[in-house]
Amino acid sequence: MSKLPNITTSIFSVMSQLANQHGAINLSQGFPNFPEDERLLQISERIIRENIHQYTPMAGLPSLLEKIANQTLKQYNRKVNTTTELLITAGATQGVFTAINTFVNHGDEVLILDPSYDSYEPSVLVAGGKPVRVSLNDDYTPNFNRIESAISAKTKMIVINNPHNPTGRIWTEQDFESLETILEKHPQILILGDEVYEYITFSQPHISFNTRPKLVERTIIASSFGKSLHVTGWKVGYLIAPENLMFEMKKVHQFLVFSVNSFSQHVISEYLDVVDFSEVSKMYQRKRDLFQNLIKDSRFELMPCDGTYFQVVNYNQISNKNDVDFAKELIVNHGVASIPISVFYNDATDRHMLRFCFAKTDETLIAAAKKLCSI
């Protein structure tokens, strides 16, 4: 008997395979296609020959944990105990799975805000919990009336992805205050803050759960070096949580992966001495602005993009087809791959929106935009 009977081939695989078949420009999957930082490669080339290929400690390489603690203090003014409040994970997705499966028991409810990243619901289902999907507003901002109405005595956790994939929206100070007001009435609810795009924000600053005194003691924060350092295939992320929560998560992590790739941890630890995270935002803002300017005169309507490396567009002026069919047509007839937003909803809400990834070379974005503007 399957624990995930409704899970099929992911839309990301479907669109990438179709793009490969038709030689389309792939702006669907969320990974960069530009070269890694030369400094990262140089560190990698040197370290590969050193004696670093055996298990690291279960919670992570001590030097990397120390660098994360220093960065968290610098970025968010939060002092993190490297021994009791940090855990290196095999990507943020494994961190999310670990957090959910540590605290969610049979019958517990977990609020997921739609449109939502596709790993949350399966993690809840494997844990025996019940996903409760709550739609965001039409502009992809949180609807706190819906959130509060969805909370019950069985609610164990709420998953909040900020900056938000797939829409690129960022929570405001007022949003956090509204959440705090609601959760004051529900001290049993934990927060899982997926902040993997924390260093990819633009005019509106990212507000981290690390900076929220009213929430931080009940929050597990997932971060991703894969996203922040453009090495998605390395699958290295980390969790930050108060000691009482981290103690329990380490038990699950120990028997899920035990420890994470030693080579990647050593390289990232050294690379953090030279990388400037503020440059990451600047680089992606330049790419966002380039892509937006290239397609601003097309028939696609640009939605707000506050952060992440995703641009959502509306195609109402072009077609009445549903977004899945139109996304496939866009590949087959026009040579550009995207992701339809309806797949991120439990009820397949279709507002004729597509998601493009602009974490690509300028040449790729220029070529894709030329095709999009010809439609």
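## A guided tour from Q17 to A348

Begin by selecting Q17, which is partly exposed because its relative accessible area is 47% (buried means under 20% relative accessible area, exposed over 50%, and partly exposed in between, with a 1.4 Å probe and protein chains only). The model on your screen is predicted, and for that reason local features need pLDDT of at least 70 and side-chain atom pairs count only at pLDDT 80 or more, while totals for chains, interfaces and linings use all residues. Residues are numbered from 1 along each chain as its sequence is written, and side-chain values use heavy atoms, with hydrogens and water left out.

Widen the selection around Q17 to residues 11–22, and you have helix α1 (helices, H or I with at least four residues, and strands, E with at least two, are DSSP runs numbered from the N terminus). Then add A337, which is 320 residues away from Q17 along the chain, although the C-alpha atoms of the two are separated by 9.9 Å.

**The two domains**

Colour residues 11–30 + 277–373 as domain 1 and residues 55–272 as domain 2, following the domain assignment of the chain, whose bounds come from an automatic or database domain assignment. The centres of domain 1 and domain 2, taken over C-alpha atoms, are 26 Å apart, and their contact takes 25 residues from domain 1 and 31 residues from domain 2 (contact means heavy atoms within 4.5 Å). Between them the two domains bury about 2600 Å², of which 59% is on carbon and sulfur atoms; buried area here is the accessible area, with a 1.4 Å probe, that two parts lose on being put together, summed over both.

For another way of dividing the chain, select residues 25–371, which an unreviewed UniProt entry annotates as "domain: Aminotransferase class I/classII large"; UniProt positions are given in the numbering used here, feature names are shortened, and annotations may be inferred rather than shown by experiment. The end C-alpha atoms of residues 25–371 lie 9 Å apart, and the span is 38% helix and 16% strand.

**The sheet of 7 strands**

Now show the strands in the order β2-β8-β7-β6-β5-β3-β4, which form an open sheet with mixed pairing (two strands pair if DSSP finds at least two bridges between them). At the edges stand β2 and β4 (130–135), each with a single partner strand, so one side of each is left without a neighbour in the sheet. From one strand to the next, the twist averages 20 degrees; axes are lines fitted to C-alpha atoms, for helices over the stretch in contact, and angles run from 0 to 180 degrees between N-to-C directions.

Zoom in on β8 (residues 237–240), where both faces are covered, with G237 and L239 buried on one side and Y238 and I240 buried on the other. Strand β2 (residues 86–89) runs antiparallel to β8 and is joined to that strand by 4 bridges, with T89 opposite G237. Strand β7 (residues 219–224) is also antiparallel to β8 through 4 bridges, and here S223 has Y238 as its bridge partner. Further along, β5 (residues 155–161) and β6 run parallel with 5 bridges, and I160 stands opposite G193. Helix α4 (residues 91–103) packs on this sheet, touching β2, β5, β6, β7 and β8, and its direction makes about 160 degrees with that of β7.

Next select F209, in the loop between β6 (190–194) and β7. F209 is buried, with a relative accessible area of 1%, and its contacts beyond four places in sequence include I160, F176, G193 and I221.

**The sheet of 4 strands**

Move to the open sheet with the order β9-β10-β13-β12, whose pairing is antiparallel. Here β9 (301–302) and β12 (339–340) stand at the edges with a single partner strand each, so one side of each is left without a neighbour in the sheet. Between β12 and β13 (residues 353–357) there are 2 bridges, and L354 is the partner of P340. Helix α11 (residues 277–295) lies across β9, β10 (310–314) and β13, running at about 20 degrees to β10.

**Backbone details**

Most residues other than glycine have a negative phi, and most peptide bonds are trans. Two cis peptide bonds can be inspected in turn:

- D114 and P115 are joined by a cis bond with omega of about 5 degrees.
- N165 and P166 are joined by a cis bond with omega of about 25 degrees.

Finish with T308, in the loop between β9 and β10, which has a positive phi of about 70 degrees and is buried at 0% relative accessible area. A348, in the loop between β12 and β13, has a positive phi of about 55 degrees and is partly exposed at 45%.
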